[in-house]
Amino acid sequence: MPVGMRRISILRREYPDRPLVGVGAVVVREDGYVLLVRRRQPPRAGEWSLPGGLVELGESLDEAVRREVREECGIEVQVGPLVGVFQPIERDTTGAIRFHYIVLDYLACYTGGILRIASDVNDAIWVSPDQLDQYQLRPETVEMIHRALTIGQASEVASSRRKGFCSEAEQGR
């Protein structure tokens with residue numbers, strides 16, 4: 001490519017040419033509450049889910065998680081370990097692929113800021129894990145939350161402390 005020329009690429013979320021890479025965050029507070037957001041945009045507009053979005057060119061996965069949570073919810077997080085990967089693929093009535101994402105979900109711990117809705121969400125709320133069934137979450141979302149909470153508990157045992165990864169993250173504020 002000649003010097004000074006920039007390759008122009010149009011990112012199509014709907015009917016993409018290839019899968020799109022995204023990140024999600026299972027954000028946990030020290031009290032064990034988990035952050036849920038109500039999506040504003042398709043796919044899954046109006047549904048409760050985890051904060052997250054697409055990775056931008058030149059951005060690390062950790063940077064993408066922090067940016068997406070900040071943009072959608074106005075809070076800061078410390079990104080922890082990978083919780084899991086899922087590949088939502090949605091087809092239209094003709095069988096054509098309307099949406100295809102590869103999403104890497106991370107445990108993330110709240111470190112500061114005031115929860116507020118912004119950008120791609122209509123609502124955001126801290127929820128006790130025993131109340132998740134009240135939000136009609138997709139099964140894969142519930143699975144990721146339970147995995148993240150299990151990872152968080154395992155970090156408590158491994159560190160031989162009363163508090164785990166998220167407690168340590170909040171103390172580092």
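The following dialogue introduces the cores, salt bridges and aromatic pairs of this predicted model.

Residues are numbered from 1 along each chain as its sequence is written, and side-chain values use heavy atoms, with hydrogens and water left out. In this predicted model, local features need pLDDT of at least 70 and side-chain atom pairs count only at pLDDT 80 or more, while totals for chains, interfaces and linings use all residues.

Student: Which element gives the largest share of the largest nonpolar core?

Tutor: A nonpolar core is a set of buried Ala, Val, Leu, Ile, Met, Phe, Trp, Tyr and Cys residues joined through side-chain atoms within 4.5 Å; buried means under 20% relative accessible area, exposed over 50%, and partly exposed in between (1.4 Å probe, protein chains only). The largest such core has 24 residues, and Val 26, Val 28, Leu 36, Leu 137 and Ile 145 have the most contacts inside it. Two or more residues each come from strand 1 (20–28), strand 2 (34–39), strand 5 (75–86), strand 7 (97–113) and helix 2 (139–159), where helices (H or I, at least four residues) and strands (E, at least two) are DSSP runs numbered from the N terminus. The largest share, 5 residues, is given by strand 7.

Student: How many residues does the other core have?

Tutor: This core lies apart from the largest one. Among its members are Ala 25, Leu 35, Ile 75 and Val 77. Its size is 19 residues.

Student: Which residue offers its backbone oxygen to the surroundings of the Arg 67 side chain, at 2.8 Å from a polar atom?

Tutor: Arg 67 is found in helix 1 (residues 61–73) and counts as buried, at 10% relative accessibility. Leaving aside neighbours within four places in sequence, Arg 67 is in contact (heavy atoms within 4.5 Å) with Leu 54, Val 55, Glu 56 and Glu 59. The backbone oxygen that lies 2.8 Å from a polar atom of its side chain belongs to Leu 54.

Student: What separates Arg 67 and Glu 71 along helix 1?

Tutor: These residues form a salt bridge, with the closest N and O atoms 3.2 Å apart; the term denotes a side-chain nitrogen of Lys or Arg within 4 Å of a carboxyl oxygen of Asp or Glu. Glu 71 is partly exposed, with a relative accessible area of 34%. Because Arg 67 and Glu 71 are 4 residues apart in helix 1, their separation is about one helical turn.

Student: Are the partners Glu 72 and Arg 39 buried or exposed?

Tutor: Glu 72 and Arg 39 form a salt bridge, the closest N and O atoms being 3.3 Å apart. The pair links distant parts of the chain, with Glu 72 in helix 1 and Arg 39 in strand 2, 33 residues apart. Both Glu 72 and Arg 39 are buried.

Student: How many aromatic pairs does the structure hold?

Tutor: Rings of Phe, Tyr and Trp (its six-membered ring) pair if their centres lie within 6.5 Å; planes under 30 degrees apart count as stacked, over 60 as edge-to-face and the rest as tilted. The structure's total of such pairs is 3.

Student: Why is the pair of Trp 48 and Tyr 135 classed as it is?

Tutor: Trp 48 is buried, with a relative accessible area of 8%, and Tyr 135 counts as buried at 15%. The ring centres of Trp 48 and Tyr 135 are 5.3 Å apart and their planes stand at 85°, so the pair is edge-to-face.

Key:
A polar contact is a pair of N or O atoms within 3.5 Å; within protein, one must be able to donate a hydrogen and the other to accept it, and residues adjacent in sequence count only if both atoms are side-chain atoms.
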